[in-house]
Amino acid sequence: MSIEIEKTIDIDKILEDKMGSKAKFVPSFAINWLKRILHEDEVNKFLWDSRGLTGTEWLTECVRYLDMTLQIEGLENLPDKNDGKLYTFVSNHPLGGQDGVALGSIIGKHYDGRFRYLVNDLLLNLPGLKPVSIGINKTGKQSRDFPRMVEAGFKSDNHILMFPAGLNSRKIDGKIHDLEWKKTFITKSVEYQRDVVPIFFGGRNSDRFYRIAHFSDKYVKKVNIAMLFLVDEMYKNVGKTFRVAIGKPIPWQTFDKSRTSMEWAKYVEDMVYEL
């Protein structure tokens, strides 16, 4: 007798929650395409199989499920978990999914799960991820709460993992590179006296993804169409090897008045890409 899998990711329900009564006007062929591109069945099976895990354990199980090989350099640069300090970990964001999962697993293991990262609120549909996440909805009501949520994260007793570009990397002048890093991690790290640990994650998505992202960024703008393809990209990257380079902590006192916060953000971004 087959066991019925509970549907954690329900595209029909998500559309209804996001669009309300307008959801009924979405054509069925479009909904079916969306379910395929988001791998609704495969994702729900994994979420069901891993339903007993949360936080770091769940993230590590994701790494195993995606058959990721992580070549970690500079692990010794991760500050001692018992030094009594809190840190801000910042990384480039080449993949949009697997990089977040992998870094969460690495940092979570080292700091006994004492970390949080800012994620799109859609990802809060993933029960295993919810305990280590602060959800951000940049287009809805929650966007007005963004400063308060960031504040709560930095006030907490958890280390913070951030992707300062906000979106995953694009192909810029033929190279895979983040969009401009935001300054929030600088201003809050200074305010709460957290040293910043730079991390580089090596990887890329398909050429198709970058074509879609370019079109979306240039002509659509208000809707991030490329984000719809990130789960599909994740499955395309199953079984691959990724290089992770961890740099030495940058003291928060470094970020003085000699440069603006945006200039310091660019300074750290450049440092990450040199790792």
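In this predicted model, D173 sits in the loop that links β6 (170-172) to β7 (175-177). The backbone at D173 is worth a look, as its phi is near 50 degrees, a positive value in a residue other than glycine. D173 is also exposed, with a relative accessible area of 78%. A second aspartate offers a companion case: D67 is not a glycine either, yet has a positive phi of about 55 degrees. The loop that holds D67 runs between α4 (55-65) and β1 (69-73). With a relative accessibility of 46%, D67 falls short of the 50% that an exposed residue must exceed, and therefore counts as partly exposed. A further positive phi, of about 55 degrees, is found at Q193, just after α7.

Turning to the overall fold, the protein contains 10 helices and nine strands. Its radius of gyration is 19 Å, close to the 19 Å that the globule rule gives for 275 residues, so the protein is as compact as a globular protein of that length. Taken along the principal axes, the box filled by the C-alpha atoms is roughly 55 × 45 × 35 Å. Among the 275 residues, 44% count as buried. Contacts across the sequence are plentiful in the following sense: of those with a separation of 6 or more, 76% are between residues 24 or more positions apart.

The surface can be described in similar terms. The accessible surface of the protein amounts to about 14800 Å², and carbon and sulfur atoms contribute 54% of this area. As for charge, there are 41 positive and 37 negative side chains, with the centres of the two sets 5 Å apart.

Strand β8 (residues 195-201) gives a good view of the interior. Seven of its seven residues are buried, so β8 is largely enclosed by the rest of the structure. This burial applies to both faces of the strand: D195, V197, I199 and F201 point one way, while V196, P198 and F200 point the other way, and all are buried. Neighbouring strands can be named as well. Strand β2 (residues 87-91) pairs with β8 in the parallel sense through five bridges, and S91 has I199 of β8 as its bridge partner. Strand β9 (residues 241-246) runs antiparallel to β8, and three bridges join the two. Here F200 is bridged to A245 of β9.

The helices add to this picture. In α7 (residues 184-191), the buried residues are F185, I186, K188 and S189, a set that includes a lysine alongside a phenylalanine and an isoleucine. The cover over the buried residues of α7 includes strands β2, β5 (159-162) and β8, together with helices α6 (146-155) and α10 (261-274). Strand β8 thus appears in two settings, as a pairing partner of β2 and as part of the cover of α7.

Helix α8 (residues 207-220) supplies one more buried position, S216. The relative accessible area of S216 is 1%, which is under the 20% limit, so this serine counts as buried. Leaving aside residues up to four places away in sequence, S216 touches K221, V223, N224, I225 and A226.

Key
Residues are numbered from 1 along each chain as its sequence is written. This is a predicted model: local features need pLDDT of at least 70, side-chain atom pairs count only at pLDDT 80 or more; totals for chains, interfaces and linings use all residues. Side-chain values use heavy atoms; hydrogens and water are left out. Buried means under 20% relative accessible area, exposed over 50%, partly exposed in between (1.4 Å probe, protein chains only). Helices (H or I, at least four residues) and strands (E, at least two) are DSSP runs, numbered from the N terminus. Two strands pair if DSSP finds at least two bridges between them. The radius of gyration is taken over C-alpha atoms; the globule rule is 2.2 Å times the number of residues to the power 0.38. Contact means heavy atoms within 4.5 Å. Accessible areas come from the Shrake-Rupley method with a 1.4 Å probe; for residues, only the protein chains shown count as cover. Lys and Arg count as positive and Asp and Glu as negative; His and the chain ends are not counted. The place of a charge is taken as NZ of Lys, CZ of Arg, CG of Asp or CD of Glu.
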